[in-house]
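Biologist: Please take a close look at one part of this model for me. Start at a single spot, then work outward from there.

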Amino acid sequence: MNFPLDRPMQVAVVDDTLLNLTLIGKLVDRTPDARAHTFERPTPALEWCLANEPDLIIVDYMMPEMDGLEFIRRIRAHRDRDDLPILMVTASHERDVRYNALDCGASDFLTKPIDGREFEARLRNMLKLREARLASEHRAETLAAEVRRATADILDRERETITRLSRAAEFRDPETGAHIQRMSHYSALIARALGLGEGLAEALLMAAPMHDVGKLGIPDTILLKPGRLTPEEFAVMKRHPQIGHDILKGSSSSILRLGATIALTHHEKFDGSGYPHGLAGESIPIEGRIVAVADVFDALTSSRPYKPAWPMSRAISLLREGRGSHFDPACVDALFRAWDQVLAVQSRYQDEPAEPVLPSC
């Protein structure tokens, strides 16, 4: 919608009496910035009003084919015409008709015989009200567009912050950027397969890369150790979920808050044997349960300096064996339901080619 309007105000006039139609049409046309569209029959008038954008309708009560009341009902039946001003022309004694017209959605009335000065005053008032409403809608649309642009800018900056934060953790970890991409996409696929909605799936795509940001607080001697960790070293490593949570918690950003939850809970296990708090079952937030499956699956099927990639069939077997112990069974099943997309993600972000294997039923 352009505003101020770059067109005359469009007024539809419907009256089966040619004399009245001509009179009203001339009165409209001599009003500045108004143009009359006259119709002797209501059916073509209704078609025009629904196909175009009139700013005011003036309709007689007594007409063939359909009376003015039915005409108003049909106009108001269309949601995008429910705020359109409508003037009904009636005789002064037709009080019941006026009551019914109000019930049908008439905005005001003109009394026969039409008084030119009264008509012009009512016409100007109706058109001013229409113009004010259009201006209000234009301001609302403009404000909504500005809000959308501002929101998009905020999301872009938020994505950049998250990307840089996730990359900072990557620089201190032998895991690759492709791992971050794969496991976040796997997380989104699992959420969709669980029916959790596109909103959560997209949020997981942004937040899951922060799952190991707490490794920023782990000494290099432990984080980069090529061999098996000692019990004491593993105890230090197990602190990274809490460190990640402490880095991300309390943010005004819903994505960073989601990242804090994921960081804290993605090493919890469904049977309660995980860390750092030994949560079990549905006490573990669904985001943590989803990322646990996505992260372990990708870690198993990816090469690391300290291990080769597992064959896909072996990784599938481990996930199945871990249903109900390490992993939420629903999340494992959701990953397999999205298997074609899982393989597409793996192919797109793969470090080295791997032969796809379909999970057996």
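Modeller: Start with Pro276. Pro276 sits in the loop between helix 11 and helix 12. This is a predicted model, and every value below is computed from it. The peptide bond that joins Tyr275 to Pro276 is cis, with omega at about 10°. That is worth a pause, because most peptide bonds are trans.

Now look at the helices on either side of this loop. Helix 11 covers residues 254–265, and helix 12 covers 286–300. Each of them supplies at least two residues of the largest nonpolar core. That core has 42 residues. Ile190, Phe297 and Trp339 touch the most other members. Other helices contribute at least two residues each as well, including helix 6 (177–193), helix 7 (198–207) and helix 13 (312–321). Helix 14 (329–337) and helix 15 (339–348) do too. The general idea is simple: in soluble globular proteins, nonpolar side chains tend to be buried together.

Stay with helix 14 for a moment. Its buried residues are Pro329, Cys331, Val332, Ala334, Leu335 and Phe336. Keep a rule in mind when you read their numbers. An α-helix has 3.6 residues a turn, so residues three or four places apart point the same way. At the start of helix 14, look for Asp328. One of its side-chain oxygens comes to within 3.0 Å of the backbone nitrogen of Ala330.

Asp328 turns up again beside an empty space. How many cavities of 30 Å³ or more are there? The count is 2. The second largest has a volume of about 40 Å³. Asp328 is one of its lining residues, together with His326 and Phe327. Glu268, Lys269, Phe270 and Ile284 line it too, and so do Gly288, Arg289 and Ala292. By class, that lining has 4 nonpolar, 2 polar and 4 charged residues.

Next, move away from that core. Apart from it lies another core, of 24 residues. Val14, Ala45, Met66 and Ile72 are among its members. Two of these names lead on to polar residues.

Take Val14 first. Val14 is in contact with Asp60, once sequence neighbours within four places are left aside. Asp60 lies in strand 3, residues 56–60. Is Asp60 buried or exposed? Its relative accessibility is 1%, and buried means under 20%, so Asp60 counts as buried. Asp15, Asp16, Gly68, Val89 and Lys112 are also in contact with Asp60. With Lys112 there is a polar contact: the two side chains meet at 3.1 Å.

Follow Lys112 and you reach another cis bond. The peptide bond between Lys112 and Pro113 is cis, with omega at about -10°. Pro113 is in the loop between strand 5 (108–112) and helix 5 (116–170).

Now take Met66. Leaving aside sequence neighbours within four places, Met66 and Glu65 are in contact with Thr43. Thr43 is in helix 2, residues 42–51. At 28% relative accessible area, Thr43 is partly exposed. Its side chain makes a polar contact of 2.5 Å with the side chain of Glu65. Sequence and space can both stretch out, too. Thr43 and Ala152 are 109 residues apart in sequence and 46 Å apart in space, C-alpha to C-alpha.

Glu65 has a twist of its own. Its phi is positive, about 70°, although it is not a glycine. Most residues other than glycine have a negative phi. Glu65 is in the loop between strand 3 and helix 3 (68–76). Its relative accessible area is 48%, so Glu65 is partly exposed.

Asp33 also has a positive phi, near 60°. It lies in the loop between helix 1 (18–29) and strand 2 (34–39). Why does Asp33 count as exposed? Because its relative accessibility is 64%, and exposed means over 50%.

One last stop: Ile222, in helix 8, residues 220–223. At 8% relative accessibility, Ile222 counts as buried. Leaving aside sequence neighbours within four places, Ile222 is in contact with Leu229, Glu233, Val236 and Met237. Its C-alpha is 26 Å from that of Leu256, with their places 34 residues apart in sequence numbering.

Key: Residues numbered from 1 in each chain as written. Predicted model: local features only at pLDDT ≥ 70, side-chain atom pairs only at ≥ 80, totals over all residues. Heavy atoms only, no water. Core = buried A, V, L, I, M, F, W, Y, C linked by side-chain atoms within 4.5 Å. Buried < 20%, exposed > 50% of the residue type's maximum accessible area, 1.4 Å probe, protein only. Helix = DSSP H or I, 4+ residues; strand = E, 2+ residues; numbered from the N terminus. Polar contact = N/O pair within 3.5 Å; in protein donor to acceptor, adjacent residues only side chain to side chain. Contact = heavy atoms within 4.5 Å. 1 Å grid on protein atoms, 1.4 Å probe; cavity = no way out; pocket = protein on both sides within 12 Å on 5 of 7 lines; lining within 4 Å. Points joined across faces, edges and corners; volume = space filled by probe spheres on them. Nonpolar A, V, L, I, M, F, W, Y, C, P; charged D, E, K, R; others polar.
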